[in-house]
2 protein chains.
Amino acid sequence: MMQELPLSKAYRLLEPGPVVLLTTAQQGRANVMTLSWHMMVDFEPPLVACVVSSANHSFAALQATKECVIAVPAVELAPKVVEVGNCSGRDRNKFTTFGLTPLPAELVAPPLVAECFANLECKVVDTTLVNQFNLFVLEVLKAWTDPAQKHPRTIHHHGYGTFVVDGETIKLKSRMR
Amino acid sequence: MMQELPLSKAYRLLEPGPVVLLTTAQQGRANVMTLSWHMMVDFEPPLVACVVSSANHSFAALQATKECVIAVPAVELAPKVVEVGNCSGRDRNKFTTFGLTPLPAELVAPPLVAECFANLECKVVDTTLVNQFNLFVLEVLKAWTDPAQKHPRTIHHHGYGTFVVDGETIKLKSRMR
């Protein structure tokens, strides 16, 4: 279902700044949250920083287990992505509530999200700035994409439920990776 | 020319993940680079993390002066943004080379970029992860937008000169800020 993506290309999924889902698992219970505050930190191995508020139920699981999956949804999933962000995993199983399908990951306990076009299995590699800024540094251990989703358009949060969807693609002569 | 934006709204400029310009100034000499690796860290005061490679000429200025401006360009500037990223400020004045207009900032020495629709005056507030990850945490001191650019479409880097331009806007019922 998911196809492995070379780690050297993982940055292309997050560098454009899409809204993503983040899954965690603790004591056999998986959870999923919505996340927009992430950035690439290095190409290979791919390192990603993200800010997960300590107000989020996922915070404790991420800090304790040091594992997560970043799943990248296309615009068709936007209503579910927003609903996932509107409630807490404290109260419910968000996978069953919103009809998201957890798939076993290969190297971490948190699940992939079958409906997302890309999934990144991650471990926490630095927690220095967690206390001060809720800032985690993750290493991507394994990257997956769904070949059936050929031209996924991601969404970008502009605040209070306003999202901008990917539009046209342009090519320019860049020496940047 | 630029209109002040309340700091409480500054996150809406960076959360969507646009390619931005980063200006620095050292010993009276301004420089500008292209940056895609940034994320919001807190709403207010707005905190932003960014990764500026030590291979970039701007790295030394940012580390020494602890000041920068993040300028957000719309798609019309994309060719210049790529050219800025293709060369180093070691060799040339990139403002004059590419016809970008530096404007004096109010609280920091690095200039705003007149052609960009938004400019964020920033100071470095944390350098804990600079040595290990080139990761700076910035505080936005002042935010400006250009009211003449009414519907700016930003660009998002997908690697090697491929950029996706903002498309349609959708509204969903979100409880997220």
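Which residue in S12(A) is the bridge partner of A:Ile155? The partner is A:Val165, and the legends below begin with the sheet where the two meet. Please keep in mind throughout that this is a predicted model.

**Figure 1. A four-stranded sheet is shared by chain A and chain B.**
Let us start with the pair from the opening question. Strand S11 (155-157) of chain A and strand S12 (residues 162-171) of chain A pair in the antiparallel sense, over 3 bridges. A:Ile155 and A:Val165 are bridge partners here. Step back, and you find an open sheet of 4 strands in the order S11(A)-S12(A)-S12(B)-S11(B), with antiparallel pairing. At the edges sit S11 of chain A and S11 of chain B, each of which pairs on one side only. On average, neighbouring strands of this sheet are turned by 45° against each other, direction ignored. As a reminder for newcomers, strands of a sheet pair through backbone hydrogen bonds, either parallel or antiparallel.

**Figure 2. The two chains are related by a rotation of 180°.**
Chain B can be superposed on chain A by this rotation, with 0.0 Å of shift along the axis and an RMSD of 0.0 Å. That is the relation of a two-fold axis. Of the interface residues of chain B, 98% are also interface residues in chain A, so the copies meet through the same surface.

**Figure 3. Chain B meets chain A through 55 of its residues.**
On the other side of the interface, 54 residues of chain A take part in the contact. The size of an interface is often given as the accessible area lost when the parts come together. Here the area buried between the two chains is about 5,200 Å², and carbon and sulfur atoms give 63% of it. Three residues to look for are B:Trp37, B:Tyr160 and B:Met176: they supply 15% of the area that chain B buries against chain A, more than any other three residues.

**Figure 4. Two phenylalanine rings, A:Phe59 and A:Phe136, pair edge-to-face.**
Over all chains, the count of aromatic pairs comes to 4. In the pair shown here, the ring centres of A:Phe59 and A:Phe136 are 5.7 Å apart and the planes stand at 70°, over the 60 degrees needed for edge-to-face, so the pair earns that name. A:Phe59 belongs to helix H2 (residues 57-65) of chain A and A:Phe136 to strand S10 (residues 135-145) of chain A, so the pair ties together parts that are 77 residues apart in sequence. Both A:Phe59 and A:Phe136 are buried.

**Figure 5. Helix H2 of chain A has several buried residues.**
A:Ser58, A:Phe59, A:Ala61 and A:Leu62 are buried in this helix. Their cover includes strand S2 (20-26), strand S3 (29-35), strand S6 (67-72), strand S9 (118-126), helix H5 (130-133) and S10 of chain A. Look closely at A:Ser58, which counts as buried at 2% relative accessibility. Leaving aside residues up to four places away in sequence, A:Ser58 touches A:Thr24, A:Asn31 and A:Met33. After H2(A) comes A:Lys66, with a positive phi near 60°.

**Figure 6. A:Val32 sits in strand S3 of chain A.**
Is A:Val32 buried or exposed? A:Val32 has a relative accessible area of 0%, so this residue is buried. Beyond residues up to four places away in sequence, A:Val32 touches A:Leu21, A:Leu22, A:Thr23, A:Val84, A:Lys94 and A:Phe95. Another residue to find in this view is A:Ile70, 38 residues from A:Val32 in sequence and 9.5 Å away in space, C-alpha to C-alpha.

Technical notes. Residues numbered from 1 in each chain as written. Chains lettered and ligands numbered in written order. Predicted model: local features only at pLDDT ≥ 70, side-chain atom pairs only at ≥ 80, totals over all residues. Heavy atoms only, no water. Least-squares fit on C-alpha atoms with pLDDT ≥ 70 in both. Contact = heavy atoms within 4.5 Å. Pairing = 2+ DSSP bridges. Axes fitted to C-alpha atoms, helices over the stretch in contact; angles between N-to-C directions. Phe/Tyr/Trp six-rings, centres within 6.5 Å; stacked < 30°, edge-to-face > 60°. Buried < 20%, exposed > 50% of the residue type's maximum accessible area, 1.4 Å probe, protein only. Buried area = accessible area lost by both parts, 1.4 Å probe.
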